[in-house]
Amino acid sequence: MIKVSTNAIKGLVLEKELDDFNNLAFESQKKVFAKSGEGNEFLGWVDLYSRYDKEEFSRIKETAERIKHDSNVVIVIGIGGSYLGAKAAIHAIKGDYFNDFNVDCPKIYFSGCNLSGESYIYYTSLIQNHDVSLIVISKSGTTLEPAIGFRILKDAMYDKYGETASKRIYTITDKSKGALKKLSDDKNFESFVVPDDIGGRYSVFTPVGLLPMAVVGIDIDKFYMGLRSAGVEYSTPGLENPCVQYAIARYCLYQKGKDIEILLNYNPRLNCISEWWKQLFAESEGKDGKGLFPASMSLTTDLHSIGQMIQDGNKIFFETTVYDESKLQDVVIPNDDKNLDGLNYIAGKTLQYINENAYMGTSAAHTSGGVPNLEIRLPYIDEYYLGKLLYFFMMSCAISGYMLGVNPFNQPGVEEYKLNIYRLLGRK
């Protein structure tokens with residue numbers, strides 16, 4: 001079970017203050033499940049666990065096996081929600097060094113999420129020197145960064161493979177319209193659907209997340225078991241629901257002037273989860289002059305960079321720690337006869353033990369320094385608990401958005417900078 005604790009904020013937030021927002025949270029939760037609030041046309045993810053397309057799920061697994069057979073490198077092209085969920089899952093399950101040591105599945109790279117020429121020189125060299133497949137993820141096919149990336153890498157694929165490149169290009173796009181859908185039909189690319197009722201940042205449980213995950217050997221059946229468990233557990237109405245508790249705590253702290261939420265982890269495997277989480281909450285809540293600013297820290301690393309600011313700086317933030325109790329791999333501190341570094345007092349202790357104490361000590365220091373702490377504790381990092389964690393955040397985010405009085409499923413502010421970029425580039 002994933003455990004959510006708000007105990008560490010109780011010295012800073014009165015129980016009555018939390019209770020004051022119970023009705024607002026309950027009404028916001030009802031909007032999600034009744035699909036009656038703003039943006040309800042994008043709430044398809046809420047009950048996806050009970051109505052997903054079993055035939056498409058099987059085709060995803062079959063396609064992943066074909067890609068594994070054909071390729072030792074896969075390049076995923078997408079931006080925002082089109083790649084962050086898959087990347088977060090792969091890094092959490094497989095670790096940061098997956099590409100260095102993997103022998104059973106292709107190496108995986110993510111492109112189409114920047115405008116760096118150097119990156120594309122590297123990706124085209126991968127195509128020239130390896131057996132490569134492309135997975136292209138875009139609802140429209142015209143978003144600037146992935147569209148540029150696909151144009152460049154598609155040409156490189158056809159230069160190498162000729163017309164057989166079409167058998168190595170896989171698209172995840174709209175079911176009936178858009179530039180990428182048209183090209184997929186014209187070139188007979190194997191194609192999967194981005195559901196109309198699920199927005200990009202909520203799409204990790206669709207082919208958008210599932211196909212890249214399956215290609216590198218992640219057990220997507222187990223991932224869906226976690227989703228089903230979360231769907232049942234986190235759909236219960238009322239204040240016992242952990243998603244509601246988290247949403248209330250965030251809202252209460254926001255009302256008290258805590259404008260920044262920092263997501264912490266003590267395991268580098270979770271760094272990309274933080275990147276996915278930041279997009280989820282920023283695009284969902286940041287509207288109408290409202291919303292908590294989502295930031296992240298990887299500890300203990302960042303204690304040695306911005307830890308001073310957290311402890312003694314302007315108290316406009318609070319922390320939410322995702323702490324996992326996994327003991328998949330551990331290292332024991334050796335004894336040293338000379339003990340020049342003074343570490344013999346922890347000789348024989350494991351890094352997991354030291355890390356746990358670093359968390360407890362840091363949390364106590366920050367709390368006493370006026371920085372509230374929330375905790376989300378994972379018993380294990382695997383596909384099952386990852387599915388539960390991602391759904392937990394999605395549900396909490398939807399409830400939080402409605403508590404703020406915004407539409408959690410649109411992103412109108414994104415369009416303004418896009419229009420400026422297109423104007424400067426001379427788009428008609």
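In this predicted model, the largest pocket holds about 930 Å³ of space. Its lining is made up of 33 residues, and those closest to the pocket centre are I79, T143, G200, Q411 and K418. Three helices each contribute at least two residues to this lining: α7 (144–161), α12 (271–285) and α16 (412–425). Of the elements involved, α16 provides the largest share, with six residues of the lining. A reader following along in the structure may find α16 a handy starting point, with K418, one of the residues closest to the centre of the largest pocket, lying within the 412–425 span of that helix. In terms of chemical class, the lining of the largest pocket comprises 14 nonpolar residues, 12 polar residues and seven charged residues.

Attention can now turn to the second largest pocket, which has a volume of about 750 Å³. Here 23 residues form the lining, and N267, P268, R269, Q329 and D330 are the ones nearest the centre. Two elements, the strand β9 (317–324) and the helix α14 (351–368), each give two or more residues to the lining of this second pocket. The top contributor is α14, from which four lining residues come. Sorted by class, the lining of the second largest pocket contains 11 nonpolar residues, along with six polar and six charged ones.

Taken side by side, the two pockets draw on separately listed elements: α7, α12 and α16 for the largest pocket, and β9 and α14 for the second largest.

Note on methods
Residues are numbered from 1 along each chain as its sequence is written. This is a predicted model: local features need pLDDT of at least 70, side-chain atom pairs count only at pLDDT 80 or more; totals for chains, interfaces and linings use all residues. Side-chain values use heavy atoms; hydrogens and water are left out. On a 1 Å grid over the protein atoms alone, a cavity is a set of points where a 1.4 Å probe fits but cannot get out, and a pocket is an open set with protein on both sides within 12 Å along at least five of seven lines; lining residues have an atom within 4 Å of a point. Grid points are joined across faces, edges and corners, and a volume is the space filled by probe spheres set on the points. Ala, Val, Leu, Ile, Met, Phe, Trp, Tyr, Cys and Pro count as nonpolar, Asp, Glu, Lys and Arg as charged, and the others, Gly among them, as polar.
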